Amino acid sequence: MDRLSELRRPELVRRMAERLRRMDAPPATLMEVCGTHTVAIARHGIREALPEGVRLISGPGCPVCVTPQEQIDFFIALGGSGRRQAPAERTGRRGAETPPYSVRLATFGDMVRVPGTEKSLEQARAEGAEVLVVYSPMDAVEAAAREPAKEVVFFGIGFETTAPAVALAILEAKRRGLGNFSVLCAHKLIPPAMTALLESDVKIDGFICPGHVSVIIGSEAYGPVAARGPARPGKPCVVAGFEAADVLGAVRMLLAQIAEGRAEVEIEYKRAVRPEGNRKAQEMMAEVFRVADTRWRGLGTIAGSGYELAEGLAEFDAARRFEVKLPASAEPAGCRCGDVLRGAIEPPECGLFGRECMPRRPVGACMVSSEGACQAWYRYRGQEMDR
Ligand code: SF4
């Protein structure tokens, strides 16, 4: 039996859950910062296996959810059917082009239904915007290559997991001399967000660190979270895989660290994650991006928590290539995605959860995305609240 099949054995999961439930653990609040973990925890009922006094809360681990409203509005506006956008407001910075643009918007499917201030990409498409749902950033490069007369802008969202594929696409567009391809770069970096959360009013005693992100950045990247300095104690970090047994094991490892007064970075997901990560992917990201202060939905601007394109690649940067003037963006009334994303509340504490807001008619980003905490709660725990 291979390792994965072994981890999925119901008998093993049952035994691990029972062992965890009976663990003599200190009271603790643990945060997962990965949308895939959020879904796994809800799907497998991991919360029911926690010892008394131990809580699991979700953090900013859903890539679609953390993308701030103003970047979504900007992207929609690029397609020409954005809110209150007279052609005169769209002034190109490239001499050869004159507004209005004919921009094809390329994005991952999860983003299409996320509400902007006035509309989603889905609604923009219904009004005539060209929205291309792609499975890979390279699909957007191919679309640009097929129709050189048409601008293609790819929405680069997500964490260190997706950034290498976007970097590769930009390098490929450069290699092929595609002058009609660009990226709206909204990539976020997980470790700085974790450190920022420790400075906030949310009580966190340990982190379940994301598996996919850690394959790229390595477990060493969480060193500053576990060891912040004498005046500001760090918190235990455990990198986990995505099977129920992985998450149960990671929770147990975190509780053991807390009980022993340790704050270290440990790897539960040893079959995929190395301390140093994937050096080749890191080198490619360093070539294409530079670290920048970045805004997150719910967390505000965090120093050094995102990417923008390196100076030498400015021609592929949609934010520099197109200028779109928009009124201030606004979150949907009553939506508390920001509080959900920083772990300040659980989804059912939002007054709209399961009432005005549910997966088939979402109000906020956390209910749209399959990795959003609100959708995960609703799908696996909250259907009874659908009235
Ligand atoms: S339930 Fe809906 S409106 Fe409330 S925080 Fe979640 S996504 Fe936002």
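Which residues touch the most other members of the largest nonpolar core? To find out, begin the tour in the interior of this predicted model.

**First stop: the largest nonpolar core.** Select L78, I170, F181, F207 and F289; among the 103 residues of the largest nonpolar core, these touch the most other members. Keep L78 highlighted and leave aside its neighbours within four places in sequence. The contacts of L78 that then remain are V103, L105, V153, A318, F322 and V324. Another core lies apart from the largest one, and it has 22 residues. To locate this other core, select some of its members, including A25, L30, V54 and V251.

**Second stop: the cavities.** Five cavities of 30 Å³ or more are present in the structure. The largest cavity holds about 70 Å³ of space. To display its lining, select C335, R336, C337, V340, C350, L352, F353, C357, V363, G364 and C374. Colouring this lining by class gives nine nonpolar residues, one polar residue and one charged residue.

**Third stop: the ligand.** Where does the ligand sit? The ligand is found in the largest cavity, so keep that region in view while selecting the ligand's surroundings. The surrounding residues are C335, R336, C337, C350, L352, F353, C357, V363, G364, C366, M367 and C374. Colour this shell by class as well: 10 of its residues are nonpolar, one is polar and one is charged.

How values were computed. Residues are numbered from 1 along each chain as its sequence is written. This is a predicted model: local features need pLDDT of at least 70, side-chain atom pairs count only at pLDDT 80 or more; totals for chains, interfaces and linings use all residues. Side-chain values use heavy atoms; hydrogens and water are left out. A nonpolar core is a set of buried Ala, Val, Leu, Ile, Met, Phe, Trp, Tyr and Cys residues joined through side-chain atoms within 4.5 Å. Buried means under 20% relative accessible area, exposed over 50%, partly exposed in between (1.4 Å probe, protein chains only). Contact means heavy atoms within 4.5 Å. A residue is near a molecule or strand if one of its heavy atoms lies within 4 Å of it. On a 1 Å grid over the protein atoms alone, a cavity is a set of points where a 1.4 Å probe fits but cannot get out, and a pocket is an open set with protein on both sides within 12 Å along at least five of seven lines; lining residues have an atom within 4 Å of a point. A molecule sits in a cavity or pocket if more than half of its atoms lie within 2 Å of its grid points. Ala, Val, Leu, Ile, Met, Phe, Trp, Tyr, Cys and Pro count as nonpolar, Asp, Glu, Lys and Arg as charged, and the others, Gly among them, as polar. Grid points are joined across faces, edges and corners, and a volume is the space filled by probe spheres set on the points.
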